[in-house]
Amino acid sequence: MKIVLGPSSKELGEKIADILKAEKLPVAFKNFPDGESYVRIEGSTQGEEAIIVQTTSPPQDQRLIQLALMADAAKRTGAKNVKAVVPYLAYTRQDKVFLAGEALSGEAVANMLKAAGVDSLLTFNVHEGALLKRFPFPAKTLSAIPVLAEYFKQRGLERAFSLAPDDGALYMAREAEQVLKGGYGFLEKHRDLYTGHVSIQKKPLEVKGKTVVIFDDIISSGGTIIRAARILKKLEAARIFASCVHPLLIGDAEKHILSAGVEEIVGTDGVPSAVSKVSLAPIIAKELLG
Ligand code: R5P
């Protein structure tokens, strides 16, 4: 097994390779003046299982193309198979056709990766697990929620209440509760399919005077967490923390979330960021060992 250090996940790839004591293959990359991507795997994958570690957080289109080009390069230099480790798999929020005329983006991306040479894929907390069944290769999603909850436990927040900002994230609150053991619940979120506007309803929750950690798969604009934090304030929660697997944190999202009264944001290194305090490397290494 050789670990190909994709440009977007070089540090994570190095950590995985160190745990596995596997050979690391660096990748030279650049953009041409017209914006096209170039990659070159530095080393041989001849007869090997090539594990390409490459997250596809923004700029997601460029990173997806880099991933496809690395898969092609690995196959061309004789890899016997190619596994893509893509902690954040872009386009998977479009996991069905919501309005007539839309693409099923998550499936289209997988088909593109298959054509390029990807034989299997590993990701984390994909928005809708059922989507992976439509992929043209074996694909698996793991959960980073237990290790995120463990971070809060080590930080002295055992017994914190685990909150999901919507029912789709309820499984994450449940997983976190297994570690924090302070109860769990969810809010009702509605997203307008045409405008994208998100609203979250206030509802009774036993959080008065409690520490609450909000768990979600993605923090992008921060709107979901900010709305959830405002409701928690109204419900008189004592302290509010936010945690996610994929901290995209677009623009000033981090600043706005902290201004809304959230004490700390904690994410994973599946998307490198200022809040990526929890590493996915041990989970990925264990999975690769089988
Ligand atoms: C959507 O349902 C996801 O689970 C996240 O809640 C959402 O992507 C977060 O996006 P934002 O930070 O822009 O509200």
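How many helices and strands are there in the chain? In this predicted model, the count comes to eight helices and 16 strands.

A helpful place to start is the overall build. The chain has 290 residues, and a compact globule of that length would have a radius of gyration near 19 Å; the 20 Å found for the chain therefore agrees with that expectation. Laid along its principal axes, the C-alpha trace extends over about 60 × 45 × 35 Å.

The chain splits into two parts: domain 1 covers residues 2-142, and domain 2 covers residues 145-278. Between the C-alpha centres of domain 1 and domain 2 there is a separation of 28 Å. The two domains also touch, with 14 residues of domain 1 in contact with 16 residues of domain 2.

Turning to the interior and the contacts, 51% of the 290 residues are classed as buried, that is, under 20% relative accessible area. When contacts between residues at least 6 apart in sequence are considered, 62% of them link residues at least 24 apart.

The surface and the charges complete the picture. About 13,100 Å² of the chain is accessible, and carbon and sulfur atoms contribute 50% of that area. As for charge, the chain carries 37 positive and 34 negative charges, and the mean positions of these two sets lie 3 Å apart.

Methods:
Residues are numbered from 1 along each chain as its sequence is written. This is a predicted model: local features need pLDDT of at least 70, side-chain atom pairs count only at pLDDT 80 or more; totals for chains, interfaces and linings use all residues. Side-chain values use heavy atoms; hydrogens and water are left out. Helices (H or I, at least four residues) and strands (E, at least two) are DSSP runs, numbered from the N terminus. The radius of gyration is taken over C-alpha atoms; the globule rule is 2.2 Å times the number of residues to the power 0.38. Buried means under 20% relative accessible area, exposed over 50%, partly exposed in between (1.4 Å probe, protein chains only). Contact means heavy atoms within 4.5 Å. Accessible areas come from the Shrake-Rupley method with a 1.4 Å probe; for residues, only the protein chains shown count as cover. Lys and Arg count as positive and Asp and Glu as negative; His and the chain ends are not counted. The place of a charge is taken as NZ of Lys, CZ of Arg, CG of Asp or CD of Glu. Domain bounds come from an automatic or database domain assignment.
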